[in-house]
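Open the model in a viewer and keep the selection panel at hand. The stops below say what to select and what is there.

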4 protein chains.
Amino acid sequence: MTLPAADPALVEKIAVANRILYRIGVVDGFGHVSARHDKSPSHFLLARNMAPALVKREDILSYDLDGNALDAEGKRVYLERFIHGEIYRARADVQAVVHSHSPNVIPFGVTAQTLQPVFHMSGFLGEGSALFDIRDVAGDTNMLVSSGALGAALAACLGPRSIVLMRGHGSTAVGGSVEQAVYRAYYAEINARLQMQAKLLGEVKYLSAQEAAKAAATNDTQLARVWELWRQEIGSID
Amino acid sequence: MTLPAADPALVEKIAVANRILYRIGVVDGFGHVSARHDKSPSHFLLARNMAPALVKREDILSYDLDGNALDAEGKRVYLERFIHGEIYRARADVQAVVHSHSPNVIPFGVTAQTLQPVFHMSGFLGEGSALFDIRDVAGDTNMLVSSGALGAALAACLGPRSIVLMRGHGSTAVGGSVEQAVYRAYYAEINARLQMQAKLLGEVKYLSAQEAAKAAATNDTQLARVWELWRQEIGSID
Amino acid sequence: MTLPAADPALVEKIAVANRILYRIGVVDGFGHVSARHDKSPSHFLLARNMAPALVKREDILSYDLDGNALDAEGKRVYLERFIHGEIYRARADVQAVVHSHSPNVIPFGVTAQTLQPVFHMSGFLGEGSALFDIRDVAGDTNMLVSSGALGAALAACLGPRSIVLMRGHGSTAVGGSVEQAVYRAYYAEINARLQMQAKLLGEVKYLSAQEAAKAAATNDTQLARVWELWRQEIGSID
Amino acid sequence: MTLPAADPALVEKIAVANRILYRIGVVDGFGHVSARHDKSPSHFLLARNMAPALVKREDILSYDLDGNALDAEGKRVYLERFIHGEIYRARADVQAVVHSHSPNVIPFGVTAQTLQPVFHMSGFLGEGSALFDIRDVAGDTNMLVSSGALGAALAACLGPRSIVLMRGHGSTAVGGSVEQAVYRAYYAEINARLQMQAKLLGEVKYLSAQEAAKAAATNDTQLARVWELWRQEIGSID
C-alpha cells in the first residue's frame, strides 16, 4: 500500500517552520523540525539532511516511525531522525517535534537543572523539563540519538512533558501542532535565559503548577498571533 | 452620544509606537501600547488583538475604560485591555500605557527586586518600580489581567510610579505622552540589564532621589531626539 | 576675526563618526562626537542637538571652548557641549572626543571599578579609567555636564588618561584623531564586557603597564584597517 | 623555482572564509584565516593586511613558512603572519588556521581556564584548549606574535590540540580544511559562552574524552551542511 501524499499546506508549514526556527535563534546550521503525516499517523514529515534555513517544500521527505525515508532517492537523511519517529510512536498526542541546540537551554542540561516557568509564556514548562543523559543508557557515544533504541529511550524519558533536555547536546520540544512545537521551542529558549538571570539575582518565584497550566491553556489560544508575525518575517520560501 | 473620531496623527503615532517597540526589543509577538483618546478622557485607543510589529492605522480601535471596544466589528481584542482602561481611570496624568514582557525586566519581578535608576536615562525610576503579584489578589490564575477588577488592582499597585513589574508576567510603563511611555519602557529594559550587571560587579551607587527627579525632568525635554530616530528607522507603516 | 571654514574632509569625518558610533553600539539616540577645529585650536566641531545616527555634514556646527556655537542660527545645541570644550582646553594633545552611554561601561562607573586592559586591543586602558562622580563636585544635579565649571572638573578628573567613567551617566573617551577616539570608545565598551565576564570566571591577569603601552602603540598603526571597514558599512551619509 | 599558482577554488574559499568569520562574529575588524598552499606544503595563502570582511580573491597573497610574502608588491602584510607559518611548519596535518579575538573565548585565556566540550558540537575540544602566555616566553611585549620565534613558541604550545588560547590577546584554531578550521573557531566561541553560563549555574558535566572524540568524528561528516548555509548568507564576494 502506498502512502498518500501529505497535505501541501502541511508540507509548506514544515518548510516555513524550519526558516522561522533559524530566524528566531532556536536552530543554527543544525537542528530539525517534523510533523506527523496527516494521512498516516505512523509516518512523519522531515527535511532531508540540510541546514534548516535553506529548506524548501521539495526537501521535505516522508519517514516511517522506524526512521526509514520512503522517498529519499539517494538524498542524505538526518542522523537523528529516530528522535522524531520514536516520540510519535510513544506519544499519540504529539503532532510536531523540534530538535535543537538552542543556546540558553544547553547549560541547564549539563548542570542537571530543571527548566521551570519563569513567566506565563512558558506555562508549558509547568511539569518541568525532563533530562536525558545518553551516557546512562548507552555509555560513551557520539552523543547522537542515532538509532531506534536511543530514540525510544529519549521518548521514555520525555514522558508526558513538553520538552526533554539532552545532556551535552541540546533539547527536543513537542507540540500538538507545528505552531505549538515551534512556540514551545522558542519560549523554552527565552525562559532558560530568564531563569539563569533570575537565579543570579535571588530566590526565584516560579509559576505554580496551577498558574502554569492555566497560562498554557490561554496561550494556546494566541498561537496564531505570533505565527502570523514569524511567517511574514521570513518572506518567500521559494 | 457618539465618540468623536480621534486625531489621525494620534492614531498614526500609536501604530508607529507598536512598530518601534518591536524594533527596539521591548515587545515580541506579544505586548501592546495605548493612548488616551484625545477627544474623550474616558476612552482609549489600542490595536485589535495582533502582533505589535504588524499594526497599521486601521487596526487601532476605541475602548471605554471598562475595556469595551466600540468599533471592533467582530475583530478579536486583547485579553488584557483592562490594564489600560483601569490605569487611565486611576491616573488622570497618564496619556499612554505600554504593556510588555521585555526580557531583562522579568528577572526582577520574579525575585522581588526593585528597579532603581542606574543612570540618568532612567531617572523616571527614582521612586522605584512597583511590584504586582496577581496571586496575592486572585490566587492561582492564568497570570493575565483579564478583568476590570484585576486591572484596578494593578493600577492601585502602580500608584504614582512610572512602572509596575508583574510577577511571572512582565511589566507596564506609563507616560504623559506616547513618546514618554515608549521611552520609559525602553530605558526600563536597558536599566534592568545594567542593574543586573552592576549587582554582579559590586555595591551599586544608584541615582539619589534628587538626581533622579532632576535627570527625569531634563530628559523629558529631549524625547523628540530619540523619537525622530526611531520613527525614521521603522520606515513606512503602510 | 572670523573663524575660517573647517576642512570639509574633517566635517565629513565627524558626520561619519556619528553614524559609525551608532552602528557599532557605542551610542543610541544619545551621545556625541567632536573634533578640534583644524584651523583654530580654540574651537571645535560638533553636531547640533540630534540623534547621532541621523547627522549629516550640514549638522556640524563650530563652537568655542566655552561651548558657544558660532553658527547655530537658532538650532538647538547639546546640553553637554562643555564636555568637549573643557577637555580641548585642558588637553592640547586631544583632537577628538566621544561622549556616550555605551552599555557595558556603565556598571563599572556605578560600582567604582576601574577599566583595565583585558586584551591588547584596549592597551589604551593601561593607565586605567578615571572615575568622575558629579555629586562630589556639585551635589545633587541632573547628572549632566551642563556648564563650563562641570566640564573643567570632568577634564581635571580625566587627567592624562584615555577615558573617564561618569558615575550614573556614561563615559567620555579622547584621542589624537577622530579614528583613535572612536576606536577607544568602541574597545572600551568591548573591554568592559570582557572584564565583567572574566571577573566572574576567576582571577584576571590584565596586561601589564608595559604590555599595554606597547600594544597601544602598535594598534595605533592599524587604525585605518578598522576605519575602512566601518566607513564602508555605513554607506552614504547623504 | 617559481611557486605554482594556487587552485583558484582554494583562493576563493579563503576569501569566503574571511567574510563568513566576520558574519558569524568570530572576527571583527581584526583577525585572519589562512590555508596551506595546495601546490606547495611549505607555503600558505593569507590576505594582505586588511579587515576580513572586505577581503576579495585578489587580496590573497602567498607566503613561505618564514612569513615572507612572495607577491605583496608593496602591500602591507599582517603583523602576525608568523602564527600561520609556524603552525604549518609544526603540524603537517593542519591545512587551515584561524586567528581571532572572538569575544567569549578571551575571558578564559586571561583567567587560565581551559575550554572543555560542553556539547557535541565542540567535540574537537576533547583534549582541552592550550594556553599560550607570551609573557612567559618574551617578557613584556606588544602581545603580538610578530616573529618566527614567537610563532614557533605558540605552535609548540598548541601541540596536537585544535585550539590555543592566547592570554590577553585571542586564540588560534586549526583544522584539516578551511571548513573545519572555521567550524572550530565558531564552535569554540559558542562553547565558551555556554561554558561560562554553565559554570555560573552549577557543577558542569563535560563530554568525556571518548564522547568528545566520537562526536568530533561524526560532526566532521556534517561540515558541508553548515558551510553551505554560511556560503549562501554572505552572497557575492566580488
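Select helix 1 (residues 8-23) and helix 8 (residues 223-234) of chain A, which pack at an angle of about 85 degrees with their axes 9 Å apart. Helix 1 of chain A and helix 8 of chain A are therefore roughly perpendicular to each other, a label given to angles of 65 to 115 degrees, while under 35 is roughly parallel, over 145 roughly antiparallel and the rest oblique. Axes are lines fitted to C-alpha atoms, for helices over the stretch in contact, and angles run from 0 to 180 degrees between N-to-C directions. Helices (H or I, at least four residues) and strands (E, at least two) are DSSP runs, numbered from the N terminus.

Show the side chains at this crossing. Helix 1 of chain A contributes Glu12(A), Lys13(A), Val16(A), Ala17(A), Arg19(A), Ile20(A) and Arg23(A), and helix 8 of chain A contributes Trp227(A), Trp230(A), Arg231(A), Glu233(A) and Ile234(A); contact means heavy atoms within 4.5 Å. By class, this contact of helix 1 with helix 8 of chain A has 6 nonpolar, no polar and 6 charged residues. Nonpolar covers Ala, Val, Leu, Ile, Met, Phe, Trp, Tyr, Cys and Pro, charged covers Asp, Glu, Lys and Arg, and the others, Gly among them, are polar.

This is a predicted model: local features need pLDDT of at least 70, side-chain atom pairs count only at pLDDT 80 or more, and totals for chains, interfaces and linings use all residues. Residues are numbered from 1 along each chain as its sequence is written, chains are lettered from A and ligands numbered from 1 in the order in which they are written, and side-chain values use heavy atoms, with hydrogens and water left out.

Keep helix 8 of chain A and add helix 6 (residues 178-201) of chain A; the two pack at about 80 degrees, with their axes 10 Å apart. That makes helix 6 of chain A roughly perpendicular to helix 8 of chain A. Among the residues in this contact are Tyr183(A) and Tyr186(A) of helix 6 and Trp227(A) and Trp230(A) of helix 8. The classes here are 8 nonpolar, 1 polar and 1 charged.

Next, select Arg48(A) and Asp59(A), whose side chains meet in a salt bridge (2.9 Å, N to O). Both lie in the loop between strand 2 (43-47) and strand 3 (60-64) of chain A, so the pair ties together parts that are 11 residues apart in sequence. A salt bridge is a side-chain nitrogen of Lys or Arg within 4 Å of a carboxyl oxygen of Asp or Glu; a search of the whole structure finds 56 over all chains.

Now show chains A and D. The contact takes 36 residues from chain A and 33 from chain D. About 3,000 Å² is buried between chain A and chain D, 61% of it from carbon and sulfur atoms; buried area is the accessible area (1.4 Å probe) that two parts lose on being put together, summed over both. Find Asp133(A) and Lys205(D), which form a salt bridge (2.6 Å, N to O).

Finally, a turn of 90 degrees and a shift of 0.0 Å along the axis lays chain A on chain D with an RMSD of 0.0 Å, superposed by least squares on the C-alpha atoms of residues with pLDDT of at least 70 in both. Leu200(A) is the residue of chain A that comes closest to the rotation axis, at 5.8 Å (C-alpha).
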